[in-house]
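Visitor: Take me to one part of this model and look at it closely. Then work outwards from there.

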Amino acid sequence: MRGWLSLVAIALMLALGWSAWPIAPRWNPWAPLDVEEAPNWLTRYKLLRLRGDPQVCRAALATSKLQYRPQANSPPGDRCPLLDVVRVTGGPVRLSSGFLASCPLAVAFAMFERHGLQPAAQATFGMPVTGVEHLGSFACRNVYNRSQGRLSQHASANALDIAAIRLADGRRISVVQGWAGGGKEAQFLRQVRDAACQSFSTVLGPDYNAAHRDHFHVDMGGWAVCR
Ligand SMILES: [Zn+2]
């Protein structure tokens with residue numbers, strides 16, 4: 001019965017199109033993602049949709065509280081062309097430095113900060129996160145800096161390496177020390193990793209391999225991994 005009802009609902013949605021869809025945007029699959037709204041079962045789909053539609057992505061980015069500047073596209077022929085990239089310079093949390101980000105990466109970062117990182121810090125430490133330290137986003141290189149093979153998601157500013165989190169009381173929780181340290185910090189970092197998986201396509205941390213012992217690699221590529 002439920003399956004049949006969902007089929008009817010989907011058929012209705014298709015017949016009406018999104019302009020006639022009478023319900024709130026967060027339940028409307030055609031409405032752009034609004035970073036402020038609580039995630040639901042459509043959020044994953046809306047995040048994936050950002051990757052193929054720059055206009056939809058820009059609309060979603062405009063709902064984030066990030067400070068960012070659009071960057072010019074790279075000239076054709078670049079080995080690592082940057083298209084529809086912004087420079088994220090700040091937002092609700094202080095960044096160790098600004099970073100270049102593809103539009104989907106910037107939106108996913110805002111979603112992660114708002115709906116993953118802050119709730120995890122409140123639940124574990126009873127205070128908000130005030131800063132995120134990262135090791136960079138854009139690098140024109142292959143995966144693991146190998147001389148051959150495919151380009152890294154970093155080569156299109158579609159990946160970010162997160163190294164440490166700063167709490168409101170000034171405490172700094174680094175992946176390299178906190179992950180293996182046990183206690184609240186280790187628990188918090190695991191919550192952060194799991195929360196990152198709700199926003200980014202790929203999340204690789206210390207559980208994945210030794211190359212990620214000191215950071216969470218997050219990206220918006222086509223490979224769905226959470227480890
Ligand atoms: Zn990385």
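Guide: Start with the metal. Donors are N, O and S atoms within 2.8 Å of it (3.2 Å for Na, K and Ca); water is not among the atoms, so sites may look incomplete. This is a predicted model: local features need pLDDT of at least 70, side-chain atom pairs count only at pLDDT 80 or more, and totals for chains, interfaces and linings use all residues. Residues are numbered from 1 along each chain as its sequence is written, and side-chain values use heavy atoms, without hydrogens or water.

The zinc ion has three protein donors: His 154 through NE2, Asp 161 through OD and His 217 through ND1. They lie 2.0 to 2.1 Å from the ion. Along the chain, the donors are spaced H-x6-D-x55-H. His 154 and His 217 are 63 residues apart, and the pair links distant parts of the chain. His 154 sits in the loop between strand E5 (129–134) and strand E6 (159–167). His 217 belongs to strand E9, residues 216–219. These labels are DSSP runs numbered from the N terminus: helices (H or I) have at least four residues, strands (E) at least two.

Are the two histidines buried or exposed? Buried means under 20% relative accessible area, exposed over 50%, partly exposed in between (1.4 Å probe, protein chains only). His 154 has 2% relative accessibility, so it counts as buried. His 217, at 9%, is buried too.

Now follow E9. Both of its faces are covered. Phe 216 and Val 218 are buried on one side. His 217 and Asp 219 are buried on the other. So the zinc donor His 217 shares its face of the strand with Asp 219.

Next, the partners of E9. Two strands pair if DSSP finds at least two bridges between them. E9 pairs with E6 in the antiparallel sense, over four bridges. Within that pairing, Ile 162 has Phe 216 as its bridge partner. Ala 159 is bridged to Asp 219. E9 also pairs with strand E8 (residues 202–204), again antiparallel, over three bridges. Here Thr 202 has Asp 219 as its bridge partner.

Move on to E6. Eight of its nine residues are buried, so E6 is largely enclosed by the rest of the structure. E6 has E5 as an antiparallel partner over five bridges. Val 129 stands opposite Leu 167 of E6. Strand E7 (residues 172–174) runs antiparallel to E6 and is joined to it by three bridges. In that pair, Ala 164 faces Ser 174 of E7. E6 and E7 form a hairpin with four residues between the strands. There, Gly 170 takes a positive phi near 95°.

Ile 162 leads further out. Contact means heavy atoms within 4.5 Å. Phe 109 touches Ile 162. Residues up to four places away in sequence aside, Phe 109 also touches Leu 66, Leu 95, Phe 99, Val 132, Leu 160 and Phe 200.

One of these, Phe 99, points to another sheet. Strand E4 spans residues 99–102. The sheet is open, has three strands in the order E1-E2-E4, and pairs antiparallel. Strand E1 (67–70) and E4 stand at its edges, each with a single partner strand, so one side of each has no neighbour in the sheet. E1 and strand E2 (residues 85–90) are paired over four antiparallel bridges. Pro 70 stands opposite Val 86 in E2.

Last stop: helix H6. H6 covers residues 183–199 and includes Gln 198. With 57% relative accessibility, Gln 198 counts as exposed. What does Gln 198 contact, leaving aside its neighbours within four places in sequence? Arg 44 and Leu 47. Gln 198 and Arg 44 are 154 residues apart along the chain, yet their C-alpha atoms are separated by 7.5 Å. Leu 47 is one of the buried residues of helix H2 (residues 43–50). The others are Thr 43, Lys 46 and Leu 50. The buried residues of H2 pack against helix H3 (54–62), helix H4 and H6.
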